[in-house]
Amino acid sequence: MATPFDAKNPALFEVPVPPHEFGQDGGKFYHYYDTLADEIDDDMVAGLKEQLDGLLIFAGLFAGVNSAFLALTLPLMSPDPTDDTNAILRDNNAILLNIMLGRNDSLPTTKGLPSETFSPSGKILTVNLLFSVSLTFALVSSFLAVLGRQWLVYYRKRTGGGPERQRWEQLKRFLGAERWRLEGVLDDVLPSLLQIGLIIFCISLTIYLNTLHPMLSNVVGAFMCAGLGFLLITAILAMCDKFCPFQSPLSHFISQVIPLIGFLVRLVLHTILWGFRYIAGALHDCFVNGPRYGNSPWEVDISDDVKDLLDRYLITPITSLSNSVKRKEEGDGSLQITAIRRAICTSDDARTQAHAVSNILSITDADLLVQLATDEEFDARILELCAGSYDRTLQRCGRDRTDLAAATSWVYRAAITHTFLSTASPDQEPRRERWSHIYGRVSSMPSLSLSPDLIHNASSNMIITCLGFVALFTSNDQVRTQSSRLALRSTIDGLVNPSHKCLSMIIEVIMVQWAMHDGYPDEVHAAWIGEASTVHRNLKVLLERCNDPQCPDRDILREDLVDVFNLAGKAAADSGGDSSSRPAMAAGFLRFSEGLVRGRDSPSDLINAGRNLRVELISALQSEWEKLSGKYWEYTSKETLDELIQLFTGLTPVPDPDFHEEETVDLRRNRDSDLQWCYYYE
């Protein structure tokens, strides 16, 4: 495990800033990950080597004892030469006796030698066969133990190419060891071979002692049966309790075999039931309803649970083996996901966990994030860490470091929200189930406001996902208070260069705070995508709500809208994101700003915000035009202005009787029938 956090030196802990690209955080995540990976690999290799050394020693002793017994029993498989000698001497004595008695006419009949008709007894053959098999198991396990040590040497062998190449190559070896069950082979298979050989030896020894005297075999066999019974009992106990210390290869084997036996029994029973119903249905159709075409109502398919078992024990293993044989090397993205999962699920070091979580925000590939979202172990672990991140940081760094605890907690919240929104199912029901699962784990967390310092130093994706967490996973009782509404103002003030996506999430949070949305995943996911139509639709609802005299905290809502329009002006100059969405977003805000400026009942602060926004949007559209056309803007060129407007808004010049001369603008009207207006400064 990684080195635990030093509680005596809280300065060692720092809140990670989510990088824009994976690992680009000054090498901090890689530093902690490399330390963790080396410790995991060293622990595994050291443990396996220690076990292999013990196995080699025991196998050597066992082979020596087995060979000693074979030296006693193998001669019993061949005829005894003294038997032939005794037979010949017996015949010679008979001949000499006849000669001495003078009976030369009646010589004894000569029989064949005992070696010619010799055949070992069944027990002796069995004993030698079992002793030989037992010795073979010991030799094979010894050979595989030596081979296993060579595998471990290769596993930890360093290659050139720099630390980054070594890091990913070692991770590939780790994945290969997991995929081909290296630890299981060396931990279970090799000791199992030696244990099987020992059991066979005990059986053969009991049979051999029985040939000497039954009492010997009974006494020794009783003790051996007691030992085997103890082994079986401990294996069953270990199978019933995952954390039982009596783990052994036999317990692992039983835990795998029992579900398979249950599957086979259920498959046989379902097959018999299916055949019975099919025959009964056929007889019913023939003798009651007469022959007919089509399926009988008595016919049934194999149940879904049997199909699931077939998929689990037959199709999935075959597919996995085929994929392992024909697989391609892991890409950089898959290795990064594996490194994050390894750090989160394995490490107990707070710094390693925090930097791993912060790097989740730099991954934008949904297919990669699905690997994390669908991993039950990772999901449970990160939710557990997130729920306790605030209190855990206070315990380590001191109760006065609430700012540090809040910032750390927001990193976890942002990572969870980023994974959820990036991998949200297109189907509403699975998305709701996933949302309910996360909400149940994090809803009890303390309500924390996004401090301006955190927002100022955070990446755009960090800010968006934090706002998404507020909209998604903060209870309505917490988010719809006046203090929460006021806290959003400080969050907005901390934004320096907001993107259109960030603006969309701020509008969604305001919608949730004023109970126009309930924070359901489909609503928040639409805002997270940040399409112009969604932003404009939500903003229209907010403007209507702001004009409602019954609106609670109406002044706060109006101030939030002023801030939204100010942010829209900043977002108009955003050079990142999807360039194709910026013109549509800008055109929509132009319509809103025009409506505010020309509105009869609009508050003065909203009117001023609309005018300021209009200036910012025109400047942004001008920059966009310069970027696309390769020309520099000339304010005196009326043709360039007309091209710009037609390109982005599809507007044509029309006369306006309510033209405000003091604003010195050209008025354009949309071709559509809704007669939406836009002003443009020359």
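In which hand does H19 pass H21? The crossing of H19 over H21 is left-handed. This is a predicted model.

**The chain overall**

The protein chain holds 25 helices and 3 strands. It has 682 residues, and 42% of them are buried. Among contacts with a separation of 6 or more, 72% join residues 24 or more positions apart.

**H19 against H21**

Two packed helices are described by the angle between their axes and the distance between the axes. Here H19 covers residues 500–513 and H21 covers residues 532–546. Their angle is about 40°. Their axes lie 10 Å apart. H19 contributes Ser504, Ile507, Glu508, Ile510 and Met511 to the contact. H21 answers with Val535, Asn538, Leu539, Val541 and Leu542. By class, the residues of this contact are 7 nonpolar, 2 polar and 1 charged.

**H20 and its buried face**

Helix H20 runs over residues 521–529. Its buried residues are Pro521, Val524, His525, Ala527 and Trp528. Seen down the axis of H20, they fall within an arc of 160°, so they line one face of the helix. What do these buried residues pack against? Their partners are H13 (402–422), H14 (428–442), H16 (460–473), H19 and H21. H19 and H21 thus appear again: they pack with each other, and the buried residues of H20 pack against both.

**H18, residue by residue**

Helix H18 spans residues 482–493, 12 residues in all. From first C-alpha to last, H18 reaches 17 Å. That is close to the 16 Å expected at 1.5 Å a residue. The buried residues of H18 are Ser484, Arg485, Leu488, Arg489, Thr491 and Ile492. They sit on the same side of H18, because they cover an arc of only 165° around the axis. Ser483 and Asp493 are on the other side of H18, and these two are exposed.

**Positive phi in the loops and after H20**

Most residues other than glycine have a negative phi, and most peptide bonds are trans. Alanine 515 is not a glycine, yet its phi is positive, at about 60°. Aspartate 553 also has a positive phi without being glycine; the value is near 50°. Glycine 530, just after H20, has a positive phi of about 75°. The table sets out these residues.

| Residue | Phi | Place |
|---|---|---|
| Alanine 515 | about 60° | loop between H19 and H20 |
| Glycine 530 | about 75° | just after H20 |
| Aspartate 553 | near 50° | loop between H21 and H22 (554–572) |

Is alanine 515 buried or partly exposed? Its relative accessible area is 44%, so alanine 515 is partly exposed. Aspartate 553 also counts as partly exposed, because its relative accessibility is 23%, and the buried class ends under 20%.

**Asparagine 128 in H3**

Helix H3 comprises residues 122–155, and asparagine 128 is found in it. Why does asparagine 128 count as buried? Its relative accessibility is 3%, and buried means under 20%. Which residues does asparagine 128 contact, leaving aside its neighbours within four places in sequence? They are Leu70, Thr73, Leu74 and Met77.

**Summary**

H19 and H21 pack at about 40° in a left-handed crossing. The buried residues of H20 line one face of that helix, and those of H18 lie on the same side of H18. Alanine 515 lies in the loop between H19 and H20, while aspartate 553 lies in the loop between H21 and H22.

Conventions. Residues are numbered from 1 along each chain as its sequence is written. This is a predicted model: local features need pLDDT of at least 70, side-chain atom pairs count only at pLDDT 80 or more; totals for chains, interfaces and linings use all residues. Side-chain values use heavy atoms; hydrogens and water are left out. Axes are lines fitted to C-alpha atoms, for helices over the stretch in contact, and angles run from 0 to 180 degrees between N-to-C directions. Helices (H or I, at least four residues) and strands (E, at least two) are DSSP runs, numbered from the N terminus. A crossing is left-handed if the near helix is turned anticlockwise from the far one by less than a right angle, and right-handed if clockwise. Contact means heavy atoms within 4.5 Å. Ala, Val, Leu, Ile, Met, Phe, Trp, Tyr, Cys and Pro count as nonpolar, Asp, Glu, Lys and Arg as charged, and the others, Gly among them, as polar. The expected span of a helix is 1.5 Å times one less than its number of residues. Buried means under 20% relative accessible area, exposed over 50%, partly exposed in between (1.4 Å probe, protein chains only). The arc is that of the directions from the helix axis to the C-beta atoms.
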